Amino acid sequence: MFAGPIEDRLAIRELHETYGDGVVRFDAETWGSVWADDADWDFMGMELKGREAIVELWLGAMSNFDAVSFQCVPASIEVDGDKATSRCQTQEVLKGKDGSTRMLGGLYTDELEKRGGQWVYTKRAFKVVAEYNPAEESA
């Protein structure tokens with residue numbers, strides 16, 4: 001469902017797109033800019049607290065890849081004043097430094113707040129909903 005002022009929903013959609021742009025370009029500054037300083041991230045069951053810890057984990061994870069294609073599609077954005085919730089579906093192609101390729105479909109469930117006039121993630125949970133690894137098919 002989509003609800004709330006269109007300007008806020010557009011700003012949240014652009015926040016999702018900024019996140020994806022940071023992933024594709026391996027740009028920690030861009031990627032980290034979307035998180036609140038005190039954000040929580042549930043990354044496939046791993047609980048992280050605070051932007052610094054979140055970015056540190058992300059840098060470690062991204063160091064395993066030569067290239068990442070990342071697309072997200074907002075499935076829901078609901079704004080209530082300076083707080084919002086959203087869901088985002090993702091499609092990722094990951095080219096590992098070991099030559100492997102993986103394709104993932106994921107789902108983000110988000111809580112956001114407007115702080116200092118900017119929307120940021122305060123809570124974000126990610127889970128894989130589908131995965132395909134071509135190497136598994138040929139084994």
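User: In what order do the strands of the open sheet stand?
Analyst: First, this is a predicted model, where local features need pLDDT of at least 70, side-chain atom pairs count only at pLDDT 80 or more, and totals for chains, interfaces and linings use all residues. Residues are numbered from 1 along each chain as its sequence is written, and side-chain values use heavy atoms, leaving out hydrogens and water. Strands are DSSP runs of E with at least two residues, helices are runs of H or I with at least four, both numbered from the N terminus, and two strands pair if DSSP finds at least two bridges between them. Here the pairing is mixed, and seven strands form an open sheet in the order 1-4-5-6-7-2-3.

User: Which strands stand at the edges of the sheet?
Analyst: Look for strands that have a single partner strand, so that one side of each is left without a neighbour in the sheet. The edge strands are strand 1 (2-3) and strand 3.

User: What is the bridge partner of A3 in strand 4?
Analyst: Strands of a sheet pair through backbone hydrogen bonds, either parallel or antiparallel. Strand 1 and strand 4 go for the parallel sense, over two bridges. Within strand 4, A3 has as its bridge partner E78.

User: And which residue in strand 7 is the bridge partner of W35?
Analyst: Strand 2 and strand 7 run parallel and are joined by five bridges. In strand 7, W35 is partnered by Y121.

User: Which residue takes a positive phi in the hairpin of strand 5 and strand 6?
Analyst: Strand 5 (residues 83-96) and strand 6 (residues 101-115) run antiparallel, with 13 bridges between them. One facing pair is R87 and T109, the latter in strand 6. There are four residues between the strands of this hairpin, and the positive phi, near 90 degrees, belongs to G99.

User: Now the hairpin of strand 6 and strand 7: which residue has the positive phi there?
Analyst: These strands are antiparallel too, and 13 bridges join strand 6 to strand 7 (residues 118-132). E113 stands opposite V120 in strand 7. This hairpin has two residues between the strands, and the one with a positive phi near 60 degrees is G116.

User: Which residue takes a positive phi in the hairpin of strand 2 and strand 3, although it is not a glycine?
Analyst: Most residues other than glycine have a negative phi. Strand 2 and strand 3 pair antiparallel over four bridges, with D42 opposite E47 in strand 3. The hairpin has two residues between the strands, and the positive phi, near 55 degrees, is that of M44.

User: Is F26 buried, exposed or partly exposed?
Analyst: F26 sits in the loop between helix 1 and helix 2, and it isn't a glycine, yet its phi is positive, near 55 degrees. Buried means under 20% relative accessible area, exposed over 50%, and partly exposed in between, using a 1.4 Å probe and protein chains only. F26 has a relative accessible area of 31%, so it counts as partly exposed.

User: Which residues of helix 3 are exposed on the side away from the buried ones?
Analyst: The buried residues of helix 3 are I54, V55, W58 and M62. They cover an arc of only 95 degrees around the axis, so they share the same side of helix 3; the arc is taken from the directions that lead from the helix axis to the C-beta atoms. On the other side, the exposed residues are E52 and E56.

User: How much space lies in the largest pocket?
Analyst: A pocket is found on a 1 Å grid over the protein atoms alone, as an open set of points with protein on both sides within 12 Å along at least five of seven lines, whereas a cavity is a set where a 1.4 Å probe fits but cannot get out; lining residues have an atom within 4 Å of a point. The largest pocket is lined by 19 residues, with F43, A61, F65, E92 and L94 nearest its centre. Grid points are joined across faces, edges and corners, and the volume is the space filled by probe spheres set on the points. The value is about 340 Å³.

User: What is the relative accessible area of T90?
Analyst: T90 is found in strand 5. Not counting residues up to four places away in sequence, T90 touches several others, including F70, L104, Y108 and F126, where contact means heavy atoms within 4.5 Å. T90 is buried, with a relative accessible area of 1%.
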